[in-house]
Number of protein chains: 2
Amino acid sequence: MNYSRQREVVLDTLKQNVIHPTAEKLYSIIQIEYPEVSKATLYRNLSQLAEAGIIKKIDGLENSAHFDHNTCLHYHFICEKCGKVFDISEGVAHDVVQKAEQETGFKINSHEIVFHGLCRDCK
Amino acid sequence: MNYSRQREVVLDTLKQNVIHPTAEKLYSIIQIEYPEVSKATLYRNLSQLAEAGIIKKIDGLENSAHFDHNTCLHYHFICEKCGKVFDISEGVAHDVVQKAEQETGFKINSHEIVFHGLCRDCK
DNA sequence: TTTAAAATGAGAATAGTTATCAAGTTCGAG
DNA sequence: CTCGAACTTGATAACTATTCTCATTTTAAA
């Protein structure tokens, strides 16, 4: 992967926004300071960075993918009322892969957990 | 919800196909025997049935939603090679909701786990 | 039987994302 | 340094999955 100013902007902006933004949300944030970054470039870079393991794509939340600069294993909670996304620590399901591999005999390479409910402010 | 022949076909066909089909896959299956069921009706009925809790929509697999006639709590595994979807029993993460609620103070109403890897035949 | 609510088919519309392609940029070999 | 191949970009077209629109048909309860 070669250096590009646009990719740097995408990654830096994602790092500064702990809100697990969607591509569109990130685009609107980036537009304010860096209107030279096009939407195609944003989507391309998000894919590439996720592919390279530098960021993480979160599927299973609403219709659109969210992105996370934190690539350490952890889970997500989305509030049904305010729509905010929160992190849940790995600890809540620490041996889940081992158990699932034992049960099935499959090789598990990754897994995600998404919780839905009401956050502290909304409940 | 009133009775409709089309809805009956959608539900019955889903029940007979344990493969967790996408809407498009289900459409192609239904088309063979019941070409009178339109795509709009299929999507509408899948939404309604899921809304009513009669079937379950599975998000977070590929780009498109899959549907499951089994509404009991369980998880899913998708094979990275053959694309097949398998069930994983609830037992692999039995106290995950309780732990997550304790950790966060949030009210959790539902959760999903998706595993990725290689199934027994593909590994 | 009447009738209001619900459901339908066909296709238009939308949202999110990916593909195309010509032009500009990066970077390592010479 | 400088040249070229590979990489990246912006603009926009295309695509996919899904939802919406609306005139027509079906359901079901009085």
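Helices and strands here are DSSP runs numbered from the N terminus, a helix having at least four residues and a strand at least two. The model is predicted.

**Stop 1: the surface near DNA strand C**

With the helices so numbered, select α3 of chain B. This helix provides five residues of the surface near DNA strand C, the largest share. Now widen the selection to the other contributors. At least two residues each come from α2 and α3 of chain A and from α1 (5-16) and α3 of chain B, so keep both protein chains visible. Around DNA strand C there are 23 residues, and the closest are Ser4(B), Arg7(B), Glu36(B), Ser38(B) and Thr41(B). Of the atoms of DNA strand C within 4 Å of the protein, sugar and phosphate make up 76%. Colour the surrounding residues by class: the surface near DNA strand C has eight nonpolar, 10 polar and five charged residues.

Three atom pairs can be shown here as distances:

- Ala65(A): a polar backbone atom of this residue is 2.8 Å from a phosphate oxygen of DNA strand C.
- Gln6(B): a polar side-chain atom is 2.9 Å from a sugar or linking oxygen of DNA strand C.
- Asn45(B): a polar side-chain atom is 3.4 Å from a phosphate oxygen of DNA strand C.

**Stop 2: the surface near DNA strand D**

Next, select DNA strand D. Which residues come nearest to DNA strand D? They are Ser4(A), Gln6(A), Arg7(A), Glu36(A) and Thr41(A), out of 23 residues around the strand. Sugar or phosphate holds 76% of the atoms of DNA strand D that lie within 4 Å of the protein, and bases hold the rest.

Again there are three pairs to display:

- Asn2(A): a polar backbone atom is 2.8 Å from a phosphate oxygen of DNA strand D.
- Gln6(A): a side-chain N or O atom is 2.8 Å from a sugar or linking oxygen of DNA strand D.
- Arg7(A): a side-chain N or O atom is 2.5 Å from a phosphate oxygen of DNA strand D.

The elements giving two or more residues to the surface near DNA strand D are α1 (5-16) and α3 of chain A, along with α2 (23-33) and α3 (39-51) of chain B. The most comes from α3(A), with five residues. By class, the surface near DNA strand D divides into eight nonpolar, 10 polar and five charged residues.

**Stop 3: chain A as a whole**

Hide the DNA and show chain A as a cartoon. Chain A has four helices and five strands, in the order α-α-α-β-β-β-β-α-β along the sequence. The C-alpha trace of chain A spans about 50 × 40 × 20 Å along its principal axes. The remaining stops take α1(A), α2(A) and α3(A) in pairs.

**Stop 4: α1(A) with α3(A)**

Select α1(A) and α3(A). Their axes come within 10 Å and cross at roughly 70 degrees. The two helices are therefore roughly perpendicular to each other. Show side chains for Gln6(A), Arg7(A), Val10(A) and Leu11(A) in α1(A), which meet Thr41(A), Leu42(A), Asn45(A), Leu46(A), Gln48(A) and Leu49(A) in α3(A). This contact has five nonpolar, four polar and one charged residues. Gln6(A) and Arg7(A), in this contact, are also among the residues nearest to DNA strand D, as is Thr41(A).

**Stop 5: α1(A) with α2(A)**

Keep α1(A) and swap α3(A) for α2(A). How are α1(A) and α2(A) packed? The angle is about 110 degrees, with the axes 10 Å apart. That makes α1(A) roughly perpendicular to α2(A). From α1(A), Val9(A), Val10(A), Thr13(A) and Leu14(A) meet Leu26(A), Ile29(A) and Ile30(A) of α2(A). By class, the contact has six nonpolar, one polar and no charged residues. Val10(A) is found both in this contact and in that of α1(A) with α3(A).

**Stop 6: α2(A) with α3(A)**

Finally, select residues 23-33 and 39-51 of chain A, which are α2 and α3. These helices pack at an angle of about 125 degrees, with their axes 10 Å apart. That makes α2(A) oblique to α3(A). The crossing of α2(A) and α3(A) is right-handed. On the α2(A) side, pick Ala23(A), Glu24(A), Leu26(A), Tyr27(A) and Ile30(A); on the α3(A) side, pick Lys39(A), Leu42(A), Tyr43(A) and Leu46(A), which they meet. The contact of α2(A) with α3(A) has seven nonpolar, no polar and two charged residues. Leu26(A) and Ile30(A) take part here and also meet α1(A), while Leu42(A) and Leu46(A) take part here and in the contact of α3(A) with α1(A).

Note on methods
Residues numbered from 1 in each chain as written. Chains lettered and ligands numbered in written order. Predicted model: local features only at pLDDT ≥ 70, side-chain atom pairs only at ≥ 80, totals over all residues. Heavy atoms only, no water. Axes fitted to C-alpha atoms, helices over the stretch in contact; angles between N-to-C directions. Parallel < 35°, antiparallel > 145°, perpendicular 65-115°, else oblique. Left-handed = near helix turned anticlockwise from the far one by under 90°. Contact = heavy atoms within 4.5 Å. Nonpolar A, V, L, I, M, F, W, Y, C, P; charged D, E, K, R; others polar. Near = heavy atom within 4 Å. Polar contact = N/O pair within 3.5 Å; in protein donor to acceptor, adjacent residues only side chain to side chain.
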